[in-house]
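Subject: Structure handover

Hello,

Here is the structure I said I would pass on. My notes follow below it.

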Amino acid sequence: MISALAWVRKGVAAEKPAKYEMTEEEYTRLQKTAATEIEEAKEELREKSKLDNEILNDPALKDFDLENYDDDEDEADVSAHDSDNGDAEEGEHDAAAGANIFSNIKGLSYYKDGEEDPYITAKDGEDMEDDEEAEVQIFSSDNMLLVAKTEDDISNVEVCVYEGESDNLFVHHDFMLPAFPLAVEWLDYRVGKKAEQPGGGNYVAVATFEPRIELWDLDTLDAMYPDLVLGTTDKKALRKARGKPHSEFHTDAIMGLSWNKNARNLLASSSADKTVKLWDLNTGKCAQSYSHHKDKVQSVQWHPTEASVMLTGGYDRRVAAFDSRAPNAVSWWSVDADVESVMWDIHSPSHFYSATETGTICYFDIRAAEQGKGAAPIYTLAAHDEAVSAMDQHPTVSGILVTGSADETVKVWDVRDNKPSMVVSRNPDVGGVFATKFCPDEPMLLAIGGSSGETRIWDMSTNPHIRSTFGDATVQANPVQEKPLLGLQGSENNDGDDDDDNAEAVIAELKGGGKKSKASSKVLDDDGDASMASE
């Protein structure tokens with residue numbers, strides 16, 4: 001299944017990504033990690049041995065002589081097995097004597113030059129390097145799409161390249177994750193080995209079920225370790241504080257991330273440990289911890305223009321807005337269910353959206369709050385029959401809101417003048433929808449991911465209903481053929497039952513029990529499945 005998506009703007013990625021080289025510090029860290037894990041394994045064995053001895057020395061079990069219970073049968077079995085093996089080994093030896101393992105080769109020859117050796121077919125030197133560089137080259141006209149994916153209990157982030165001119169989407173490289181990913185956030189602030197280098201970087205922060213945040217350099221191939229880890233790796237400290245709030249690190253799954261584009265060294269995270277934390281990327285330490293929510297904090301987002309203001313939403317059915325410099329002055333808004341996500345309206349930054357697990361979207365005015373209590377929503381939109389698990393707004397055109405849900409649909413809304421109406425509803429054939437993201441460079445492109453493990457790119461500019469609703473007179477007068485949804489190159493549409501089961505398990509674990517969604521398999525019609533909604 002695909003649980004999160006993020007775009008990378010054109011021209012940001014390095015044209016020729018570097019190959020990963022392990023540093024002395026990483027070797028040392030690897031040795032320490034291995035030593036720690038070995039010591040923990042020994043400790044577990046000692047505890048198990050102690051328990052076994054207690055069982056064997058139990059007076060009530062002494063009469064059974066458990067230590068020697070199977071000795072007679074085992075000795076007989078071993079004797080028979082050795083006899084059979086002896087005969088088999090003699091037969092194998094005789095057969096091998098008459099065979100030559102190099103029977104397909106006439107003889108072994110020595111060649112001074114590899115070019116003369118007929119068995120060496122690989123190109124040598126600069127030609128090979130040039131070919132490898134050409135294969136991994138990323139052009140300034142390419143976008144990157146980051147796909148957080150889990151398949152057969154193996155989680156990774158696929159770094160995909162989208163070639164807009166040829167409508168081509170393919171996996172460029174990937175890196176493994178320690179646990180199921182819950183959120184990804186792109187940032188161009190240099191950390192780790194490249195922290196002292198000038199200019200912007202190309203990184204992704206990844207939140208998982210582990211209580212740590214990993215930051216990976218997207219311009220490095222075959223990376224084994226993240227460039228920076230936020231949070232503690234001390235397993236004993238985590239076991240001791242598991243689930244209980246801690247001022248310096250998270251102690252449970254990290255559910256949301258938000259990078260501050262105005263104060264670029266700050267990253268905010270929200271967690272199932274009921275806290276929101278502010279991380280300083282220069283030091284890699286927690287700068288501030290906030291405990292204003294009473295339940296798991298699902299979502300966090302920095303204000304688009306006010307560098308110190310953030311928005312959070314949690315399973316306590318509340319949304320909070322506050323200045324990170326004065327965390328005690330919090331304004332609260334109540335909603336009808338657990339909050340799935342919160343989002344500032346970038347076209348009207350004094351307003352924000354809140355999506356819930358019951359399928360509703362609420363739109364609030366942050367200015368309409370008195371003594372910390374927010375006013376009722378400007379409007380409430382019954383967007384889906386099940387949880388709104390994905391939400392995004394058009395980056396340049398005001399009034400376009402997109403929602404995705406576990407009910408397997410993606411819907412486009414016209415929310416201009418605070419009078420929301422549905423424009424298009426379609427099934428993108430990804431199972432339950434968990435992520436929808438507009439492309440920053442081609443803003444009518446929408447990336448969609450869901451429980452089936454498939455990624456789709458939807459060119460919304462070719463949809464007739466969207467063109468007629470949001471296009472000007474010129475656009476409306478020039479109808480075009482709608483493009484089909486674009487998928488990953490070489491991907492296969494598998495039976496999504498297992499992925500849907502995994503999705504339900506993840507949602508249930510995050511909720512700590514509660515309502516689960518049941519997804520069904522649907523197929524797109526060739527003629528398109530968009531429908532116009534009545535106002």
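The model is predicted. I start with one residue pair and work outwards from there. Ala321 has Ser331 as its bridge partner in β18. The two strands concerned, β17 and β18 (residues 330-334), run antiparallel and are joined by five bridges. The connection from β17 to β18 is a hairpin of six residues.

On its other pairing, β17 (residues 318-323) meets β16 (residues 309-314), again antiparallel and with five bridges. Here Met310 is the bridge partner of Phe322 in β17. β16 and β17 also form a hairpin, with three residues between them, and Arg317 in that turn has a positive phi of about 65°.

Strand β17 is mostly covered, with six of its six residues buried. Arg318, Ala320 and Phe322 point one way, Val319, Ala321 and Asp323 point the other way, and all of them are buried. Note that the buried set includes Arg318 and Asp323.

Strand β24 (residues 379-382) reads otherwise. Its side chains alternate: Tyr379 and Leu381 are buried on one face, whereas Thr380 and Ala382 point to the other and are not buried. β24 pairs with β21 (residues 360-365) in the antiparallel sense over four bridges, and Tyr363 stands opposite Tyr379 there.

Further along is an open sheet of four strands, ordered β25-β26-β27-β28, with antiparallel pairing. Its edge strands, β25 (388-393) and β28 (421-426), each pair on one side only. On average, neighbouring strands in this sheet are turned by 20° against each other, direction ignored. Inside it, β26 (residues 400-405) and β27 (residues 410-414) share five bridges, and Thr403 stands opposite Lys411 in β27.

On cysteines: with a disulfide taken as a pair of cysteine sulfur atoms within 2.5 Å, the count is zero. Two cysteines to look at are Cys362, buried with a relative accessible area of 6%, and Cys439, buried with a relative accessible area of 0%. Both count as buried because their values are under 20%.

Finally, the overall figures. The protein has seven helices and 32 strands. Of its 535 residues, 46% count as buried. The accessible surface is about 28,800 Å², and 47% of that belongs to carbon and sulfur atoms. Among contacts between residues at least 6 apart in sequence, 52% join residues at least 24 apart.

Regards

Notes:
Residues are numbered from 1 along each chain as its sequence is written. This is a predicted model: local features need pLDDT of at least 70, side-chain atom pairs count only at pLDDT 80 or more; totals for chains, interfaces and linings use all residues. Side-chain values use heavy atoms; hydrogens and water are left out. Buried means under 20% relative accessible area, exposed over 50%, partly exposed in between (1.4 Å probe, protein chains only). Two strands pair if DSSP finds at least two bridges between them. Axes are lines fitted to C-alpha atoms, for helices over the stretch in contact, and angles run from 0 to 180 degrees between N-to-C directions. Contact means heavy atoms within 4.5 Å. Accessible areas come from the Shrake-Rupley method with a 1.4 Å probe; for residues, only the protein chains shown count as cover.
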